Amino acid sequence: MTRRFDILLPDDELPTHAPWCWREDWYAPGESSLALLAKFQRLNALSCAALLDAFAYRDPRQHVPQNLDLRDARRFDVPRMMSVLRLRLTDVAAAFIMPSHRLGRIAFATLRWCPKCSLEGVHLSAFQYRTSEQCPIHRVRLSQHCEQCRATIPYRLRPDVFRSPFNCPSCAHPWFLPTQGPDNLRVGRAYRGLLRERSAHRLPTIRTEDQGPVHFRLPPASAWTVFVGSDAIDGEAAPDEMAPEEGGSAADCGDAPAYGCYKAVRRWIMRVYGRGHRACIATAARHLTWSLTGSHTTSFCPIAQAYLRWRCKWEGFGTPSTLLQRPLHGPLGLAVWLSLHAPVGQRTWSHAASRWITLHLLGRACVDSFRTFLAEAEQLQVNRRTLWLPFPVHDFPLRQVVARGGTRPGEPIGFCVSPLGGAEADGDMAPAFGGHGHRRAHFEGLRRNVAPIDSSPCLSRLPARAGSVPAPQSRPQSLRVGGRLDEAFELVLAARSPVTWDG
């Protein structure tokens, strides 16, 4: 005879956290989404269906998807992965391929792995990029075929692959064999140290021709940009460069010329792309009054969506409505680019030459970033979502720089910038000028984006971002689509608070 006992809880509320476990020592910086989900599945003994139900992004009206591309972060619930795996947003984003809309051109759709890293229990997302022919840690050639049947493994979250994710789905031959055993996936200290040491190759630098052979075809003379400057301005600054910025805009950035370059690009984007969409941008910014960092939004005006994402990322704000107000801090995204992605010039170059090259590459990075966001907005389908990610996630194609000259004082410096890996960046897109139908579709798209009634448990435990505005606790009033849309736009443009979209 068995007796049944009730489980006593300290209160009447059920626990809000999921009954899953995770180990931080199983994670290595830069691990892929396949490794994270496979380790989580092994640790909790879950099926593929349970894994999809836990981390796949879906609408309440849709069924759970059965086949997800592990390269695309837009198909997953990123905030939930942050909460369950106890990782930062940048760590979760680094597990996927960026930029998202260029997956087919920059990353492989089949699994690639390093035999030596698999012995350490690690699979990095860098292995999937087409620019990676060898492991950046061990300098060995990557494997992409099963040793036994020579078949390829799909890089997707689906039942046949995740029935045993560390084995070949065709012949069950293992490709992932940690030396400490299949149930002990801890990453050792030696490998972590090697990972930190070898990751220094990702630091941006300018390659010069005298440092060794260049492994790509040199472009013609017309593709080189030549800087002929004087050292007379070294240590000095132009009068307009030292002018104080409103609201301390360049104080946190620490580089007034870089902030001036960013503002020039911002004005150029509004002049070329935003002439017929200022009202779309303003209404979208006024409607999105909650933090969108790591969240999804449905599609609305592509120009407004790309411009708001672009400014939020480069200025370091998670709430688009804060762009309508006086900035509380300097452009944090610009400061991140200067600290992580700014080129490192040669010692023989003058300060003016180094600064000029930095501003030139900064302008290209800003334009590439906006074109990436615009391309993603143009490719959205009805059932697709846009994922808002901050710096330092790479949402624009990386470029490589080759410089020549400048070995002697006063010698002109020529440099050539080309996309990394030979994949050309997204070209210019003709700006579309919307009419009445475009404005109606824009309003309908905004109405589908509503603020959460209360903050999510996984987001409430995250540290607050500097300068971010707390998300409102009440649901904002939806935009009214009935009546004349032109009157609604006129009301927005005639609002008392200024809208400074032209920089």
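In this predicted model, ring pairs tie Tyr259, Tyr262, Trp268, Tyr273, Tyr307, Trp310, Trp314 and Phe370 together into a cluster. Phe370 is a handy place to start looking. Setting aside its neighbours within four places in sequence, Phe370 is in contact with Ile269, Tyr273, Ala306, Tyr307 and Trp310.

Some of these names come back in the hydrophobic interior. In soluble globular proteins, nonpolar side chains tend to be buried together. Here, the largest nonpolar core holds 54 residues, and those with the most contacts inside it are Leu308, Trp310, Trp314, Trp337, Leu362 and Phe370. Two or more residues each come from α9 (256–272), α10 (278–287), α11 (302–315), α12 (332–340), α13 (351–378), β7 (399–405) and β8 (413–419). The top contributor is α13, which supplies 11 residues. Apart from this core lies another one, made up of 47 residues, including Ala54, Cys146, Phe162 and Phe166.

Back to the rings: the count of aromatic pairs comes to 17. One pair to pick out is Trp175 with Phe176, whose ring centres are 5.3 Å apart; their planes meet at 70 degrees, which is over 60, so the pair is edge-to-face. Both partners are also tucked away from the surface by the accessibility criterion: Trp175 has a relative accessible area of 6%, under 20%, and therefore counts as buried, and Phe176 is buried as well, at 5% relative accessibility.

A ring can also have a charge for company. The charged end of Arg130 sits over the ring of Phe108, at 4.5 Å from the ring centre.

Note on methods. Residues are numbered from 1 along each chain as its sequence is written. This is a predicted model: local features need pLDDT of at least 70, side-chain atom pairs count only at pLDDT 80 or more; totals for chains, interfaces and linings use all residues. Side-chain values use heavy atoms; hydrogens and water are left out. A nonpolar core is a set of buried Ala, Val, Leu, Ile, Met, Phe, Trp, Tyr and Cys residues joined through side-chain atoms within 4.5 Å. Buried means under 20% relative accessible area, exposed over 50%, partly exposed in between (1.4 Å probe, protein chains only). Helices (H or I, at least four residues) and strands (E, at least two) are DSSP runs, numbered from the N terminus. Contact means heavy atoms within 4.5 Å. Rings of Phe, Tyr and Trp (its six-membered ring) pair if their centres lie within 6.5 Å; planes under 30 degrees apart count as stacked, over 60 as edge-to-face and the rest as tilted. A charge sits over a ring if NZ of Lys or CZ of Arg is within 6 Å of the ring centre and within 35 degrees of the ring normal.
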